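Trainee: I should like to learn how the features of a structural model are read, one after another. May we begin with the overall layout?

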Amino acid sequence: MNEILKSISSAKTLNELDKVRVSLLGKNGTITQEFSKLKNLSGDEKKEFAASLNSKRDEISKALELKKTELEILELKERMRAEAIDVTMFDESGSVGALHPITITMNKIIEYFLSQNFSIENGPLIEDDFHNFEALNLPKYHPARDMQDTFYTDDARLLRTHTSPVQIRTMENSKPPIRMIAPGAVFRRDFDLTHTPMFHQVEGLVVEEGNKVSFANLKYILEDFLKYMFGDVKVRFRPSFFPFTEPSTEVDISCVFCGGKGCRVCSQTGWLEVLGSGVVDPNVFKFVGYKDVSGYAFGLGVERFAMLLHGVPDLRSMFEGDLRVLEQFR
Ligand code: DAH
């Protein structure tokens, strides 16, 4: 027995330990073989032999289990040592860092709208119900609130579920004409292949006095913007619903992967949805006390743009900080 326990405790790797286990308790293992002697015995002799064999086997199993845990910890420690990165170490290779794909994409979007004389506005990440929902024509108990699973705080505020509240704050604080975008992080209770609890949007709003702003203006700017972002794509406007715009439209581009022929990414439709937009609903203007104005608004998801621009297949890789992914954006 001492020999056996020694062979267990001297195993140096999980692999070695498993070989020892098989040699003892495997189908042809020495202990398993001893069990077959039972059939030649009878009575008390059989009982005694069985009892001692069982306790021997239990003792061996326990020793194997203990050793396994010990080796697992050792191997984990070794792996952590081997894979550790000393972030304080000076990098002598001369390599430089890279902007994150989301930053690259955000910058490109902002660049376009700055060229079209839009200003950049910001709002708080922790919002109140009024700015995130109510003033955007999303009354309490409106079913459209379900479109956005919300994180609430203890004091009845919430993490903004979209950048649209910045529209409201900007209108509250200034008079038309307004020509703004609001880039930033938003939050939703959602986590799977295509959703992360934090992601980024860019909101846009244009308001002028009188009825100067129409759907045609919206159509022009978004088509021009999408061609700036994606090159020579087709753009189509599909009727949709958002509480804060009327009429509302979702905007598609011809699939950047198959050129519109149909592939896995576009679910064989040839089109990719990239934006929500519409003519600002008069109710929204009422909430901020605007009279005799007209406007359009739009909102887009930056991660989606980044994935389409750079062919990133999995949204989650945007947030894992894996150098093998990030280095490709240098
Ligand atoms: N806020 C919408 C969302 O998060 C996106 C959006 C759609 C914004 C249409 C708009 C708009 O300004 O007009 O899903």
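Mentor: Domain bounds come from an automatic or database domain assignment. The model here is predicted. On that basis the protein chain is divided into domain 1, residues 2–83, and domain 2, residues 101–329.

Trainee: How far apart do the C-alpha centres of domain 1 and domain 2 lie?

Mentor: The separation between these two C-alpha centres is 62 Å.

Trainee: Let us turn to the ligand. How many residues surround the ligand, and which are the closest?

Mentor: A residue is near a molecule if one of its heavy atoms lies within 4 Å of it. The ligand is surrounded by 16 residues, the closest being His-162, Ser-164, Arg-188, Gln-201 and Glu-203.

Trainee: Which distances should be examined for polar contacts with the ligand?

Mentor: A polar contact is a pair of N or O atoms within 3.5 Å. For His-162, a side-chain N or O atom is 2.9 Å from a nitrogen atom of the ligand. For Gln-167, the distance from a side-chain N or O atom to an oxygen atom of the ligand is 3.2 Å. For Glu-203, the corresponding distance to an oxygen atom of the ligand is 2.6 Å.

Trainee: How much of the ligand does the protein bury?

Mentor: The ligand exposes 360 Å² when taken alone, and the protein buries 91% of that. Two or more residues of the shell around the ligand come from each of β5 (198–209), β8 (271–280) and β9 (293–301).

Trainee: How is a salt bridge recognised, and how many does the structure hold?

Mentor: The criterion is a side-chain nitrogen of Lys or Arg within 4 Å of a carboxyl oxygen of Asp or Glu. The structure holds 19 salt bridges. One of them joins Lys-56 and Glu-34, with 3.6 Å between the closest N and O atoms. This pair links distant parts of the chain, as Lys-56 belongs to helix α4 and Glu-34 to helix α3 (residues 30–36), 22 residues apart.

Trainee: Are Lys-56 and Glu-34 buried or exposed?

Mentor: Buried means under 20% relative accessible area, exposed over 50%, and partly exposed in between. Lys-56 has 22% relative accessibility and therefore counts as partly exposed. Glu-34, at 18%, is buried.

Trainee: What does a salt bridge within a single helix look like here?

Mentor: Consider Arg-79 and Glu-83, whose side chains meet in a salt bridge at 3.4 Å, N to O. Both residues lie in helix α4, four residues apart, which is about one turn of the helix. Arg-79 counts as exposed at 51% relative accessibility, and Glu-83 counts as exposed at 52%.

Trainee: Which elements are tied together by the salt bridge of Glu-127 and Arg-169?

Mentor: The side chains of Glu-127 and Arg-169 meet at 2.7 Å, N to O. Glu-127 lies in strand β2 (residues 126–127) and Arg-169 in helix α7 (residues 165–173), so the pair ties together parts that are 42 residues apart in sequence. Glu-127 is buried, with a relative accessible area of 1%, whereas Arg-169 is partly exposed at 23%.

Trainee: Which residues are linked in a network of salt bridges?

Mentor: The network links Arg-236, Arg-238, Glu-250 and Asp-252.

Trainee: How should a nonpolar patch on the surface be read?

Mentor: Nonpolar side chains are joined into a patch within 5 Å, and the residues must have over 30% relative accessible area and no salt bridge. In this model Ile-85, Val-87 and Leu-323 form such a patch, with about 350 Å² of accessible area together. Ile-85 is located in the loop between α4 (43–83) and α5 (101–115), and its relative accessibility of 64% makes it exposed.

Trainee: Which backbone features merit inspection?

Mentor: Begin with omega. The peptide bond from Pro-176 to Pro-177 is cis, with omega near 5°, and Pro-177 is found in the loop between α7 and β4 (178–187). Glu-246 and Pro-247 are also joined by a cis peptide bond, with omega about 0°; Pro-247 is in strand β7 (residues 245–254).

Trainee: And what of phi?

Mentor: Asn-137 is not a glycine, yet it has a positive phi of about 70°. Ala-156, not a glycine either, has a positive phi of about 65°. Asn-137 lies in the loop between α6 (129–132) and β3 (158–159), and Ala-156 is found in the loop between α6 and β3. Asn-137 counts as buried at 18% relative accessibility, whereas Ala-156 counts as exposed at 62%.

Terms used
Residues numbered from 1 in each chain as written. Predicted model: local features only at pLDDT ≥ 70, side-chain atom pairs only at ≥ 80, totals over all residues. Heavy atoms only, no water. Patch = residues over 30% accessible without salt bridge, like charges linked within 9 Å, V, L, I, M, F, W, Y side chains within 5 Å. Areas by Shrake-Rupley, 256 points an atom, 1.4 Å probe, with all protein chains shown as cover. Buried < 20%, exposed > 50% of the residue type's maximum accessible area, 1.4 Å probe, protein only. Polar contact = N/O pair within 3.5 Å; in protein donor to acceptor, adjacent residues only side chain to side chain.
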